[in-house]
Amino acid sequence: MASLTQASTALSTSFKPTLAVSRSSGLKSVSFSITGKRFPSLISRPGRFQVSCSAKPETLNKVCDIVKKQLALPEDTAVTPGSKFAELGADSLDTVEIVMGLEEEFGISVEEESAQTIATVQDAADLIEKLVEKKST
């Protein structure tokens with residue numbers, strides 16, 4: 001019983017949830033941090049619940065660079081995790097070329113069904129991390 005109490009005390013002192021509320025959209029976001037470990041953010045929308053995984057910054061940077069290169073975007077074009085390929089001017093062929101560039105860069109293979117779910121830079125980075133992790137196990 002004592003070890004359980006100590007563990008729960010340690011957990012409660014290092015457990016720091018944060019809540020962000022956007023008044024304009026009604027979006028609520030909760031992220032959890034336990035002794036430096038970051039867990040996925042939980043996003044709640046009316047009638048929907050979503051868990052968002054965050055890719056490593058280096059993965060996001062590589063994806064942004066590949067997207068810029070494939071779409072021949074000017075250097076000063078802002079490509080962020082939330083950037084949608086369509087908003088950057090990508091058509092379906094461009095998206096296929098981006099996926100091929102990502103496969104080559106990261107040494108992975110993206111299934112067609114998975115490729116069709118990619119709409120943003122964040123989507124691509126999250127999928128890449130999942131596939132790289134799966135490949136290494």
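## Fold, core and surface of a predicted chain

Along the sequence, the protein chain runs α-β-β-β-β-β-β-α-α-α-α. That comes to five helices and six strands. Helices (H or I, at least four residues) and strands (E, at least two) are DSSP runs, numbered from the N terminus. This is a predicted model, in which local features need pLDDT of at least 70, side-chain atom pairs count only at pLDDT 80 or more, and totals for chains, interfaces and linings use all residues. Residues are numbered from 1 along each chain as its sequence is written, and side-chain values use heavy atoms, with hydrogens and water left out.

**Overall numbers.** The protein chain has 137 residues, and 30% of them are buried. Buried means under 20% relative accessible area, exposed over 50%, and partly exposed in between (1.4 Å probe, protein chains only). The exposed surface of the protein chain is about 9,500 Å², with 56% supplied by carbon and sulfur atoms. Accessible areas come from the Shrake-Rupley method with a 1.4 Å probe; for residues, only the protein chains shown count as cover.

**The core.** The largest nonpolar core holds 26 residues. Such a core is a set of buried Ala, Val, Leu, Ile, Met, Phe, Trp, Tyr and Cys residues joined through side-chain atoms within 4.5 Å. Val 63, Val 67, Phe 85, Leu 102 and Val 121 have the most contacts inside this core. Helices α2, α3 and α5 (121-136) each give two or more residues to this core. The most come from α5, with six residues. In soluble globular proteins, nonpolar side chains tend to be buried together.

Contact means heavy atoms within 4.5 Å. Leaving aside neighbours within four places in sequence, Val 121 touches residues including Leu 60, Cys 64, Val 79 and Pro 81. With those neighbours again left aside, Thr 59 contacts Phe 106, Ala 125, Ile 128 and Glu 129.

**Three residues compared by place.**

| Residue | Place | Relative accessible area |
|---|---|---|
| Thr 59 | helix α2 | 8%, buried |
| Ala 72 | loop between α2 (57-70) and α3 | 64%, exposed |
| Leu 93 | helix α3 (residues 92-106) | 53%, exposed |

**The surface.** Ala 72 has a positive phi of about 50 degrees, although it is not a glycine. Most residues other than glycine have a negative phi. Leu 93, Val 96 and Met 100 form a nonpolar surface patch, with about 300 Å² of accessible area together. Patches are made of residues with over 30% relative accessible area and no salt bridge; like charges are joined within 9 Å, nonpolar side chains (Val, Leu, Ile, Met, Phe, Trp, Tyr) within 5 Å. A salt bridge is a side-chain nitrogen of Lys or Arg within 4 Å of a carboxyl oxygen of Asp or Glu.
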